[in-house]
Each structure stands twice: as structure tokens, then as C-alpha cells.
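Visitor: I have just opened this entry and would like a short tour. Could we go through it piece by piece?

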Amino acid sequence: MITVRERPVTHWLPITKKEVEMRGWDEVDVILISGDAYVDHPSFGTAVIGRIIESEGFRVAIIPQPNWKDDLRDFKKLGKPKYFFGVTAGCMDSMVNHYTANKRKRSNDSYTPGGEAGFRPDYATTVYSKILKEIYPDVPVLIGGIEASLRRVTHYDYWEDKLLPSILVDSEADMLVYGMGEQPLRDLLRLVKKGVPLNQIKDVNQIAFLEDGLEDVKDYKNWETVELASHEVCLEDKIKYASNFKIVEVESNKWQANRIVQKVGNKTLVINPPYKTMDEEEMDKSFDLPYTRMPHPKYAKRGTIPAYEMIKFSINMHRGCFGGCSFCTISAHQGKFIASRSEESIMKEVDALTEHPEFKGYISDLGGPSANMYRMKGKDESICNRCQAPSCIHPVICSNLDTSHKPLTKLYQKVDAHPEIKKAFVGSGVRYDLLVDDFNKNNQDGNHDEYMEQLVTRHVSGRLKVAPEHTSDATLRVMRKPGFKYFRKFKDKYDKIQEKHGLKQPLIPYFISSHPGCEEADMANLAAETKDLGFKLEQVQDFTPTPMTVAEVIYYTGVHPYTLQPIHTAKTKEEKLTQNKYFFWYKPEVKGWIKSRLLKLGHKELAAKLLSPLRPQNQEAKKVEEVQQKSTTVMTQKPNFNSKKPIETKAQEEVFNKKKPLKKKKGWA
């Protein structure tokens with residue numbers, strides 16, 4: 001057995017000239033540039049892309065977080081690759097990573113050792129790509145990752161407060177891979193291996209590129225073509241920009257999509273249709289690559305990488321989300337349809353986790369973008385093939401959607417039965433509306449109730465995250481979320497299970513302020529309704545308009561892209577702060593402001609309701625102050641999953657103590 005410190009550096013992909021030479025290479029085929037530190041784990045995109053390139057027989061190296069402010073030696077240290085450079089800003093859009101919703105500079109970076117900020121530039125994809133084009137003008141540059149993916153077409157940039165063209169224009173890159181890149185990357189690599197230059201490839205799905213001139217683009221694969229209003233037209237006409245978005249969203253979520261073209265300057269942007277959602281075999285192939293599952297050893301003295309610490313003992317079981325929420329980028333990047341791993345692949349990863357020398361029996365998350373969408377898909381996939389709806393569950397749950405939780409419940413139970421697992425938690429947010437019978441009519445055999453029982457009694461780490469997002473029906477319709485009454489029904493169901501088993505695990509609901517469609521009175525009502533349920537909200541989120549979302553389009557244009565009807569949006573700093581203040585109704589320094597504000601707006605009864613003494617109506621409400629004090633940092637700190645024993649109720653402890661003791665590990669091979 002080999003301990004972590006003894007593990008050869010050659011187990012990681014090379015990131016220095018010396019490591020390249022240790023492998024006996026005199027040249028590298030592909031060099032990846034990333035805004036993140038290099039963590040060789042399937043949750044980090046650069047590692048996945050690097051391992052795929054390696055699996056196709058190429059020599060690949062990574063330059064993580066290169067210095068872009070000096071003489072650019074980091075970009076030159078490995079020389080030029082034989083085939084191309086791959087560039088990504090990292091796991092987050094660099095602007096979301098750097099700035100709060102109020103455009104305040106963040107003081108930390110979760111994807112950097114020690115959480116230290118300042119190791120990547122604003123608009124990292126563009127900065128890195130332009131540098132490479134200056135140093136190596138003859139080497140193709142391929143950009144990808146969420147920053148490039150969501151900026152593939154004309155988009156509103158909140159931080160510059162203006163429309164920007166496709167990122168291909170400013171970055172000067174040769175090609176963009178959008179969405180999850182495994183499928184297009186493998187096809188691109190096979191063509192490159194045959195001698196086709198990257199910048200001459202035009203007929204692979206899920207890529208985008210610029211063609212010189214404004215003439216009709218050559219036809220490939222008999223794709224139908226849809227043309228958007230040009231970038232220049234969008235600059236002059238917000239309604240045309242809004243109309244563009246509907247086309248892009250619809251085509252991004254179709255199984256048999258059309259090719260999209262858009263004129264920009266004296267060029268034509270071409271966006272080829274996406275691949276069909278990955279099947280289990282393809283998903284497994286991506287997750288079963290030989291990751292070390294650890295940060296590169298070079299970071300050992302620089303401190304831990306917060307994002308890695310958060311997911312170190314978690315398991316991602318699926319991708320995609322059919323919720324279609326207006327403010328969310330998941331479906332725009334990962335797709336609307338769910339791509340699930342096989343049970344065998346997931347259990348193989350569980351086995352790998354148990355061999356980690358720091359593992360103490362606790363899995364922090366069995367999840368995905370939404371925790372409970374594993375293996376959900378259309379009952380008749382020929383119907384899905386024709387579908388153009390952006391959401392499968394809004395405004396109602398599609399009658400063709402199989403929402404059975406049986407495969408997920410079975411998987412939870414199988415992980416639970418693993419002799420080396422003391423506890424497997426669900427840390428991802430649960431899509432609660434799928435579990436409310438009044439909203440989801442597809443619970444004929446009671447499998448949703450079986451899932452909830454399993455979840456609540458075995459997989460909640462002290463509290464459960466859910467995201468009702470708002471209480472106003474009008475705002476929730478804009479958000480593409482269900483009415484708040486369904487959250488109340490879910491809470492009732494959750495509380496009954498807790499009472500049955502003697503548990504006290506509070507729900508932690510997430511809400512958004514200043515979302516399009518939200519008036520100031522709606523926020524006051526949100527505060528009053530959540531107070532009535534016994535919540536004191538300590539962690540809240542102010543809306544940030546991110547590219548390629550319905551909400552971003554509404555924020556910029558003032559209209560909904562599907563109806564072109566006006567929708568109110570709080571835009572000034574003062575409006576946004578005013579809405580946010582209502583979350584903190586219980587703070588003495590805010591109460592006077594709330595009273596005068598609501599009286600001025602003519603909401604005397606709402607003011608009285610919000611400022612009246614708290615009257616707990618259930619056991620959870622009686623404990624609310626203590627619970628909320630403990631959960632103040634729920635979004636910035638993770639529970640200590642590796643403590644000797646987490647907080648357990650007697651009912652949980654009885655089950656817990658039946659588990660077999662963990663074997664002592666001498667190291668990790």
C-alpha cells in the first residue's frame with residue numbers, strides 16, 4: 001500500500017516541465033489551461049477533460065492558474081503542443097467567482113489552495129486564449145467550460161452592464177465546445193489523430209465556431225438551420241435579443257435540434273446541435289477513469305482547496321436537471337435530460353472512497369444537481385424526442401415523466417449496507433415538489449413516500465436543504481417554480497416523518513431576493529410567511545443575472561423572452577438592498593424601518609403581522625432561534641462529516657451502532 005505522501009507524482013497528469021520529462025516525453029500533444037488549481041477528481045472539469053484526452057492515447061499536460069500579469073512564462077514553460085491548447089476558466093464563471101450580486105469583490109476563491117483570491121483574471125477564458133494566440137498564433141485554441149458555454153452567443157454581461165458578442169469573438173479562439181464536453185471532445189480527438197487540423201473541423205455536434213463572411217454557411221449532416229437576429233441588431237433592439245433567447249433555449253434542450261447561426265460583425269457564428277444525452281455506459285466511462293481523487297502534490301504547503309474539501313467524500317450520481325428554473329444555468333450547460341451513472345459505477349466509487357486514508361465512514365453527499373432526479377426520464381422517449389418545453393415539471397409535471405424514486409431508494413439502501421459506510425448523507429438540494437402528491441400525481445405505488453422515509457431517517461446530516469425560492473405565486477411563475485403551498489405540504493409531510501421517528505432535523509429553505517417579477521411587497525410577504533412557519537432566514541441570496549438564463553434576459557430587456565410582456569425587476573442597488581432587508585425582520589435595527597416602509601406602501605396589516613411577537617406553532621418553531629444560529633453559515637461552511645460521531649438521535653444511533661467497525665488503513669494504493 002502507498003500512502004498519500006509516497007504516491008508518485010506521475011499518478012497525476014503533468015503540470016511542470018520536469019513532470020513531462022519524467023514520463024519520457026519530448027513533446028506534449030495537448031496542453032490544458034485552467035483557472036482552477038488542478039484537482040484530479042471527477043468533480044473538476046479540467047481533470048475529466050485531461051483524463052479523457054489521455055484515454056484516447058494523447059500526451060496531455062495541464063497549466064493550472066498561470067500568471068497572466070508577468071512575462072507570461074507559465075504559458076511558455078511547456079512549449080507549444082502538437083495539436084491544440086484547451087482553455088477553461090474553471091468550474092465557475094470567473095465573474096461569478098470574483099463578485100457578489102452587488103458587484104463587490106470577493107475576498108476568497110474556493111478553487112485555489114488556501115482559498116486565496118487573485119489567482120485567475122476576470123473573464124479568464126478570454127484572457128488566457130488571447131495570450132496563447134499572441135504567443136503561438138499558429139496553434140489552434142479550443143475553449144470550453146461553463147464560462148465559455150454560457151457565453152457562446154450574444155449575451156448580457158451584468159458586470160459590464162452591456163451586451164457582448166459570442167465569447168469566440170473577444171477570445172479569438174478557434175472553436176468552442178459547449179455543455180458537458182466528453183462527447184464532442186472524443187470525436188474531435190479522433191479526427192485530430194487522423195490528421196484533420198482542429199480549426200478545420202466543422203461537422204461535429206456541440207461545437208461553435210466563426211466563419212468568415214456573411215454568406216450562407218455550408219450544410220453539414222443535413223442539419224436544419226435557424227438564424228438569430230444579428231449581434232448588431234440586438235445592440236439596437238432589446239426585443240430582438242429577448243426573442244433570440246427563446247430560440248437558443250429551445251434548441252439547446254431538444255433531442256434533435258437545429259443548427260443556430262448568427263451574424264456578428266463581418267463573420268457568422270455557427271453553433272452545431274448538441275449530442276443526445278449521455279447514456280449510462282458513456283457516463284460510467286467518464287467517471288471510471290484513473291483519477292487520484294486528490295489535489296496535485298504541489299499544493300501541499302499552500303493550504304487546502306475549499307471546493308475539494310467540500311466534495312472530497314461526495315459522489316455525483318447524475319447530471320442535468322429538468323426543472324428549467326429561470327435563474328439557473330444547469331440545464332443550459334448540463335442539459336434538461338438526466339444522464340445517470342450505473343449502480344455498479346457508483347458502488348465502485350464508494351469502494352474507492354473507503355480506501356482513502358482520511359475516510360472515516362461518512363459520505364458527505366449522494367447527489368447531483370438536484371438530489372432526487374436519478375434515473376428519471378420519459379416513459380415514452382419518442383414523446384421526449386418531439387418535446388420543446390424548457391421544463392418537464394413547470395407549470396405542471398409532464399404526464400410522460402417517470403418520477404419513480406425506487407432506483408434512488410434502492411441505491412441509498414445499498415450504500416447504507418456497505419460494511420465500510422457508517423453514514424451516507426444527502427447534501428445536494430432535494431427537489432421537494434417531486435415528493436408532494438398534490439403536485440406530482442405519479443405516486444401511484446407510494447414510492448415517493450418510501451424515498452422520503454429513507455431520506456429523512458438515514459441521510460439527513462442535521463438539516464435538509466430545499467429551495468422554495470419565494471412565496472409569491474406571481475414571482476414563482478416567472479421563476480418556473482411551484483406555488484409556495486406545495487412547500488407547506490412538503491414541510492407537513494417531512495414533520496410527520498420526523499415526529500414518527502423522534503427526529504429533530506430542521507429544513508433549511510433557500511430564497512432569492514430581487515428576482516424578476518418580485519415587488520417589494522412580495523418580499524415583505526415572504527418574510528411574514530416564513531416567520532409564520534418558524535424560520536429566521538440567516539443565509540439568503542440576492543439575484544445575479546448570469547448569461548443564458550431567462551431571468552438574465554428579463555433583467556436586461558424588461559420583458560419575458562417567451563411572451564415579450566413587461567416584467568418588473570429591481571435593478572438599482574437601493575431597490576435590491578431594500579428587498580433584501582425584509583429577510584432580517586427579527587433584527588432590532590431593522591424593525592423601525594420595516595414599520596415605516598410598509599405603512600408608507602399601505603400595507604398596515606402586513607407590517608403588524610411581520611413585527612408581532614413570534615409565536616411558535618410547532619416543535620421546530622420553538623427551537624428556531626437555536627437552530628438558525630447554528631445554521632447561519634450553512635452556505636459557507638460544511639458540516640464536519642469526519643468527526644468521530646455526528647449529532648445523532650437515539651433512533652439513528654441504534655441503526656448506526658449496528659454497522660461493522662471500519663478496518664484500519666495503512667495507506668492508499
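Visitor: Which residues does Ile-363 touch, not counting residues up to four places away in sequence?
Guide: This is a predicted model. In it, Ile-363 touches Phe-313, Ser-314, Ile-315, Val-350, Leu-353, Val-415, Ile-421, Lys-423, Ala-424 and Phe-425.

Visitor: And which residues touch the most other members of the largest nonpolar core?
Guide: Ile-363 is one of them, and the others are Ile-33, Ile-143, Met-317, Phe-322, Leu-464 and Phe-490. That core holds 137 residues. A second, separate core has 42 residues, including Leu-32, Tyr-38, Val-60 and Leu-198.

Visitor: Let us turn to helices. How many residues of helix H21 are buried?
Guide: Eight of the eight residues in H21, which spans residues 550–557, are buried, so the helix is largely enclosed by the rest of the structure. They are Val-550, Ala-551, Glu-552, Val-553, Ile-554, Tyr-555, Tyr-556 and Thr-557.

Visitor: What do they pack against?
Guide: Their partners are strand E6 (155–157), strand E7 (162–164), helix H10 (238–252) and helix H18 (473–479). After H21 comes Gly-558, which has a positive phi near 85 degrees.

Visitor: Which residues other than glycine have a positive phi?
Guide: Gln-65 and Glu-469 are examples. The phi of Gln-65 is near 45 degrees, and that of Glu-469 is about 75 degrees. Gln-65 sits in the loop between strand E3 (60–64) and helix H3 (73–76), whereas Glu-469 belongs to strand E22 (residues 464–469).

Visitor: Is Gln-65 buried or exposed? And Glu-469, buried or exposed?
Guide: Gln-65 counts as buried because its relative accessibility is 9%, under the 20% limit. Glu-469 is buried as well, with a relative accessible area of 8%.

Visitor: What is Thr-112 in contact with, leaving aside its neighbours within four places in sequence?
Guide: Gln-65 appears again here: Thr-112 is in contact with Gln-65, Phe-119, Arg-120, Arg-302, Thr-304, Ile-305 and Pro-306. Thr-112 lies in the loop between helix H4 (94–98) and helix H5 (124–135), and it is buried, with a relative accessible area of 0%.

Visitor: Where is there a cis peptide bond?
Guide: The bond from His-394 to Pro-395 is cis, with omega near 5 degrees. Pro-395 is in the loop between helix H15 (381–386) and strand E20 (401–402).

Visitor: Back to helices: at what angle do H20 and H24 pack?
Guide: Helix H20 (residues 520–532) and helix H24 (residues 604–611) pack at about 35 degrees, and their axes are 9 Å apart. The crossing of H20 past H24 is left-handed.

Visitor: Which residues meet there?
Guide: From H20 come Ala-521, Ala-524, Asn-525, Ala-527, Ala-528 and Lys-531, and from H24 come Leu-606, Lys-609, Leu-610 and Leu-611. Seven of the residues in this contact are nonpolar, one is polar and two are charged.

Visitor: What else does Ala-521 touch, beyond residues up to four places away in sequence?
Guide: Ala-521 touches His-603 as well as Leu-606. Ala-521 is partly exposed, with a relative accessible area of 22%.

Visitor: One last topic. How many disulfides does the structure hold?
Guide: The structure holds zero disulfides.

Visitor: Why is Cys-91 without a bond?
Guide: The closest cysteine sulfur to that of Cys-91 is in Cys-328, 16 Å away, which is too far for a bond because a disulfide needs the two sulfur atoms within 2.5 Å. Cys-91 is partly exposed, at 27% relative accessibility, while Cys-234 is buried at 0%.

Conventions. Residues numbered from 1 in each chain as written. Predicted model: local features only at pLDDT ≥ 70, side-chain atom pairs only at ≥ 80, totals over all residues. Heavy atoms only, no water. Axes fitted to C-alpha atoms, helices over the stretch in contact; angles between N-to-C directions. Helix = DSSP H or I, 4+ residues; strand = E, 2+ residues; numbered from the N terminus. Left-handed = near helix turned anticlockwise from the far one by under 90°. Contact = heavy atoms within 4.5 Å. Nonpolar A, V, L, I, M, F, W, Y, C, P; charged D, E, K, R; others polar. Buried < 20%, exposed > 50% of the residue type's maximum accessible area, 1.4 Å probe, protein only. Core = buried A, V, L, I, M, F, W, Y, C linked by side-chain atoms within 4.5 Å.
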